[in-house]
Amino acid sequence: MIAFGQFTEVLLGGLLAGFLYSLVALGFVLIFKASGVFNFAQGAMVLLAGLALVRSLDFLVAKGFPYWIAVVIALLFAAAIMALTAWVIERFVLGPLVNQDGLTLFMATIGATFIIEGAAQMAFGSDVYPLRLFPTDAIFMFENTFPGGILVNKLDLWGAAIAAVLVAGLAVFFQYTKTGRALRAVADDHAAAQSVGIPISWIWFVVWLVAGLVALVAATVWGTKLSVQFSITFLALKALPVLIIGGFTSVPGAVIGGLLIGAGEKIAEAYLGPYIGGGIEYWFAYVLALLVLLVRPQGMFGERIIERV
Amino acid sequence: MIRKTLAVAAFAVGAMAVAAPAMAQNEQFLPSLVYRTGAYAPNGIPFANGVADYWTLINERDGGINGVKIVFEECETGYATDKGVECYERLKGKGPTGAGYFSPLSTGITFALTEKVPGDKIPLLTLGYGRSESRDGSVFPWNFVLLGSYWTAADVAIQHIAKEMGGFDKLKGKKISLVYHDSPYGKEPIPALEARAKKDGFEFKAIPVTHPGVEQKSQWLAIRQDRPDYVLLWGWGVMNSTSIKEAAAVAYPRDKMIGVWWSGAEPDVTPAGDQATGYKALLLQHPAGKFGVHGELEKHVISKGKGAAKDDFAHVLYNRGVLNSMLGVEAIRTAQKKFGNKPMTGEQVRWGFENLNLTAERIKELGFEGMLKPIKLSCQDHQGADEARLHQWTGKEWKIISDFYTADRSILDPMVKDTAAKYAADKKIAPRDCAKES
Amino acid sequence: MLYREVGQFKTTYAADMAMFPIRQDRVALWLVLLVAFVGIPMLSANQIWPFGSDYLLRAILMPFLILALAAIGVNILVGYCGQISLGSGAFMAIGAYSAYKFGTGVSFPLPFAGFDVSIPPLPMLFSILLGGLMAAFVGILFGIPSLRIKGLYLAVATLAAQFFFDWVFIRVKWFTNYTPSGSVNAPELNFFGFLVNSSIEKYLLCLIFVTVFAFIAKNLVRGNLGRQWRAIRDMDIAAELMGIRPLYAKLTAFAVSSFIVGVAGALWAFIYLGSWEPLAFSIDRSFQLLFMVIIGGLGSILGSFLGAAFILILPIMLDQVPHALGVPISVETVSHLVFIVTGSLICYLLIVEPHGFAQLWSTAKEKLRLWPYPY
C-alpha cells in the first residue's frame, strides 16, 4: 500500500507539473498554428510578463494601493506591455519577413528573444522578485487510505485549473469567433487568406497578443512557484518536448503532451533515477518525445505531413 | 552601406579598446569578474557590490593602498566559463603592472583559470569556493582558496549535525542526504562527505539537481519518502530558494536543512517567504549585518553617492564581497612591505598572500572584528583557516546559532594531499619545495 | 574592374574543376592564408599593435578559429544536408571527452571476460582525431531518426542528444577519470615531442586544423557526396526518386558533420579552456553554432567563418565600446545593451539578407564585376 501511495503521489505530482509545462507550451502552439513560426521567444515573453507584473505590483503596493486593486492594475499594465511587444514584433521583425522559410523565422524569434531578455532586465531589473498570487502550501489527500497521505501542492492545482480554463477559452476562440476562424485560415495558407481579404498583419498581431497573454498567465503561476527571475526563461526548454509530443499545431495536444511528459519524467526520475544516478528528467523528457516522434513524425495530435514532389 | 560603416566603426572602437590607453604609473589595477545578469545574477550582484565598495573606500578614505590608487574594472561573465576566460584575457594585462589578482566567483571559471594563471603569474583568490585541493600551495602556487574549501564546509556541516544530535556516536545509522547543483561546484563536497560517512557510520545519499534547478519536485518527493534525518543543500542561484520551497511543499522541516555558505544568503530565503523560516546555513566566518567597516563604508562611500550597494548593503553576500576585497588589499599591502609602495605585479601579490598574517588587532583596526578570525597563510597552506559556524533564518534576518567549528584536518589533509599529488602527476608539475622559500 | 574574370581561360579540365576558379579569389585566399600563417604570428612575436598583448590571439582569434571549425561542421549538416540540429554542443562534448580519455589512457574493465581492455595514452593528434571519430559514430546513431523525423521536429529531437550527453558526462565518472569534482584538465599538448605552450603555437595549431578541415569540407561539398546532400536538402523525396539513397546521404552528413564538430570540441576543451565541465558544451553552445551558420549563410564554408566572426566577436566588441569611450555606465546596463543590440542586428540581418553573409558576399562580387561602370 505504501508503494502504491508513493506511486500515486509521484504520478499526481507529475501530471500537475505537466499542466504547468503546457501553460508555456500553449504559447508556442498558438503562434505556430497561426503563422507557422516556431516562436523561441516564448520563454523570454514569460520573463517579460512576469517582471512587468511583479515590479508594477510592488510599486503599487508600496504606494499604498489595496492589494487586489494593485493586482488588477498590475495585470492590466503587464497585458499592455505584452500588447506593445506583440505590436513591435509584428511590425519590425515578422512583418518584413513574410514568406521566408521556417528556419529564418525561427532565427528571427531567437533574435527577438535576445532583445526581450535584454530590454526586460534593463527596464525592470535582473534581481529575484517574489510573487505571491496563489497559495503555495501543501495539502494531504487520502490520509486514511495511505500512510502519510498523498501530497499535493495547492499551487499545482491552481495551475491545472488555469490551464484547463485557458484551453477551453482558446478552443472557443478558435472555433467560434471571427478572428479565430481568420487565424485558422491564415495558418492554412498565408497567400490564400490574404486574397480573400483577411488582414494578415492584424491577425499576426492578435496571435502574438494572445500568446503574450498566455505568457502572462504562465508568469503568474510560474512566478509564484519560482519567483520572477531570469531562470524563468529556461522554461522554454521544458516546454519543447511537450510540444513535439503533442504536435506543434494542436492546443489539446499541448495539454496532453504536458501531462505525458510531466508524469513520464517524474516517474522515471523516481523509479529509474536511483539506479543510474539521478538527474535524468531533463533528457528523459526529450528521449520520450523522440520515441513518440519515431512512431508519429508529426507528434500525437499534429496535422498529418503530406509530402509531394 | 550603413551596415558596413557600422560594422567598421564597431571594430575600430573595439580595436581601440584592445589597445590599452596610457595609464598613470602609480595605480594598482584590480579586475573584477562579475555576473550582474543572467540566471545567477541575484547572487552575483551583492557580491560584486561589496567588492567594488571596499575598493572605493580604500581610494576615498586612504587615497589608495599606501598611496597607490586602486583602478578597477568589472567584466560581465554571466557565470559562463568561456566568457570568464575572455574577461580574464581582456583584463589580465591592464594597468602598469597587470592585474593584481582575480576572483571569478564561479567554480567553472576557477577551474579554467587554474590552468592559465601559472603562465601569466597572477594569483587566483577564491574565497570559500574553487578547487578544494588547491589548499596545497606547493602544487597550486597561484590558487588561494582562502578561509575554507567545500571540503571544510562539508566537514563542519557534519560536525554541527553531530552536535545537534548529541555526539558523533549518534550519527551511526542516521541518514543524511545532499541535494546538490549538478556541476563541479555541487560535486566537490561528495568525497569529503563520503569519507565522513565511512568514519561516522551514517548513510549518505547524493541527490543531483540539474542546472539551473527550477524543477526539483521528484527530488523532494524522494526525500519525503526516504525521510533523511538531515538534508544538506549545495545550490546556487534559483536552485536554493526552489529547494526551500519544495522542502516546504513536502513538509520537510527546514531546521533540518543545512545549506553551504553559498546557499545561505538573502536572495536564497526571501523568495521563499515564511517557508524559509528555520532554515540553516553555514557561514564563511562572517555573518550578515553591520560591523566597524560598514560605518566607514557609509561615511566615505555610500553617503557620497559613490557606492554600488542598494538595499543589499550589509547582506551576507555583500559582506563576503567586502571581505574578499579586504583580503586582496591586505595581501597587496603585505607585498608592498617587501617590494616598496608602488603597484604590485601578480607575482608580488602572490608573495603578499603567502605572507599574509592578519592578527586580531589588525582585524579590529580594519573594522572587521566579528567578521573574521585571525588568519595566517604560508607557502604550503593556501587556505589559512578551517573554521566555520552556522546561522539560521528567522523569517526576517539571519541569526548566528553556533560557535565556530574547526574542520577535522586529519580527514581532509590526506584528501588534499592525494588529490593535489594526482593533479601534479597529471600535469607533470614538480611541486615547489616550500622549505626553501622565504 | 578589379574583380573581373575576363581573359582567364581554362585550358585543362583540372583548371576547370579548381576549388577557386577565379584568379582574384585564389590571390585573396593566399593573401588571407599568408596573413594568418605568417603575418599575425610575426606581429605577435614582435608585440606590434594590435598584438601587443596576447589578448587578440588568445581571447578572440583562438575561439574564433575553433568555433568557425565547429560551424563548418554544423553547416555541412544544416546548410548542405538540410537537417536542423540543436545537438552540436553534445557532439563537441563527445569529441572533447573522448579525446581526453584517449589522451590519458583508456581502461575498460570487462568483469565477465575476466580482463581489462586498456589502451595506453595515445599521442595528442590521434586522441583528437579519435575524439572526432567517436563523435561521428554517435552522430550516425542520432542521425538514424532523421530518416523519419523532419524539419523543426528533428531539431527538437536532436535536443535529446544534447541533454542526454550533458547528463552522461556529468554522471558517468569513468569519463572524467574519477576526479572528485567531475571537472577535467587537458593533458599536455604534446605533438610528437613538440610541446604546444605559447599563445602563438596554440593559435597556429588551431589554424592548421581549421585550414585542413576547411579544405576537406570545401572539397567534400562540391563533390559527389556534397551534391547528394544538397539534393536531399532541396527535396528529399525528389532526390530519392532520382536514385539518391537518403539513408546513405543523411548518415554521411551526420558522420562528417559530427566528426568536424567533435574535433572542434576537443580543440575548444584542450586549447581554449584547458579545464572544463559539461556546462562548457551546453545547449547555449548548440544555439550559438546554429546562429553562426544561419547568420553566416547556410551552405557556405566562407559563411561559417563570417558567421562565427559575427556571433562571437560582435558581443565582445560591443561589451568594450562604452568602456573604451569612457562612457560611465555599469556593466549591467552594457550587458543588457549587448543583448538588445545583438538581437536587433540578428533580426536586421535576417530581414535585409535572409541568406546570410555569404549571400551578401556574392552580391558584392556581382557588383564588383561591373564596378565602376553601371553596366
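Two residues are in contact if their C-beta atoms, placed from the backbone, lie within 7 Å. Keep that cut-off at hand for the exercises below, which all concern a predicted model.

**Exercise 1. Place Pro431(B) in its chain, find its contacts beyond its neighbours within four places in sequence, and decide how exposed it is.**

Step 1. Start with the location: Pro431(B) lies in the segment that follows helix H16 (409–427) of chain B.

Step 2. Leave aside the neighbours within four places in sequence, and Pro431(B) touches Ser138(B), Val139(B) and Ala424(B).

Step 3. Now look back along the chain. Ala421(B) is 10 residues away in sequence, and its C-alpha atom is separated from that of Pro431(B) by 8.6 Å.

Step 4. Finally, count neighbours. A residue is buried with 20 or more other C-beta atoms within 10 Å of its own and exposed with 12 or fewer. Pro431(B) has 15 C-beta neighbours inside 10 Å, so it counts as partly exposed.

**Exercise 2. Describe the overall build of chain B, then judge its compactness against the globule rule.**

Step 1. The secondary structure of chain B consists of 16 helices and 14 strands.

Step 2. Its radius of gyration is 22 Å, close to the 22 Å that the globule rule gives for 438 residues, so chain B is as compact as a globular protein of that length.

Step 3. Along the principal axes, the C-alpha atoms of chain B fill a box of roughly 65 × 60 × 45 Å.

Step 4. Of the 438 residues in chain B, 63% count as buried. Among contacts in chain B with a separation of 6 or more, 71% come from residues 24 or more positions apart.

**Exercise 3. Split chain B into its domains and characterise the contact between them.**

Step 1. Domain 1 covers 24–148 + 288–376 + 418–436, and domain 2 covers 150–283 + 389–407.

Step 2. The centres of the two domains of chain B, taken over C-alpha atoms, are 27 Å apart.

Step 3. The contact draws 15 residues from domain 1 of chain B and 19 residues from domain 2 of chain B.

Step 4. On the domain 1 side, the elements giving two or more residues are helix H2 (41–62), helix H4 (107–114) and helix H13 (316–339) of chain B. H4(B) gives the most, with 3 residues.

Step 5. By class, that side of domain 1 has 8 nonpolar, 7 polar and no charged residues.

**Exercise 4. Examine the backbone of chain B at Leu105(B), Gln285(B) and Pro212(B).**

Step 1. Leu105(B) is not a glycine, yet has a positive phi of about 50 degrees. This residue sits in the loop between helix H3 (81–91) and H4 of chain B, and with 31 C-beta neighbours inside 10 Å it counts as buried.

Step 2. Gln285(B), also a residue other than glycine, has a positive phi near 65 degrees. Its loop runs between strand S9 (280–283) and helix H12 (292–302) of chain B. Gln285(B) counts as buried because it has 24 C-beta neighbours inside 10 Å.

Step 3. For Pro212(B), check omega: the peptide bond from His211(B) to Pro212(B) is cis, with omega near 0 degrees. Pro212(B) belongs to the loop between strand S6 (203–209) and helix H9 (217–226) of chain B.

Notes. Residues numbered from 1 in each chain as written. Chains lettered and ligands numbered in written order. Predicted model: local features only at pLDDT ≥ 70, side-chain atom pairs only at ≥ 80, totals over all residues. Domains from an automatic or database assignment. Nonpolar A, V, L, I, M, F, W, Y, C, P; charged D, E, K, R; others polar. Rg over C-alpha atoms; globule rule 2.2 N^0.38 Å.
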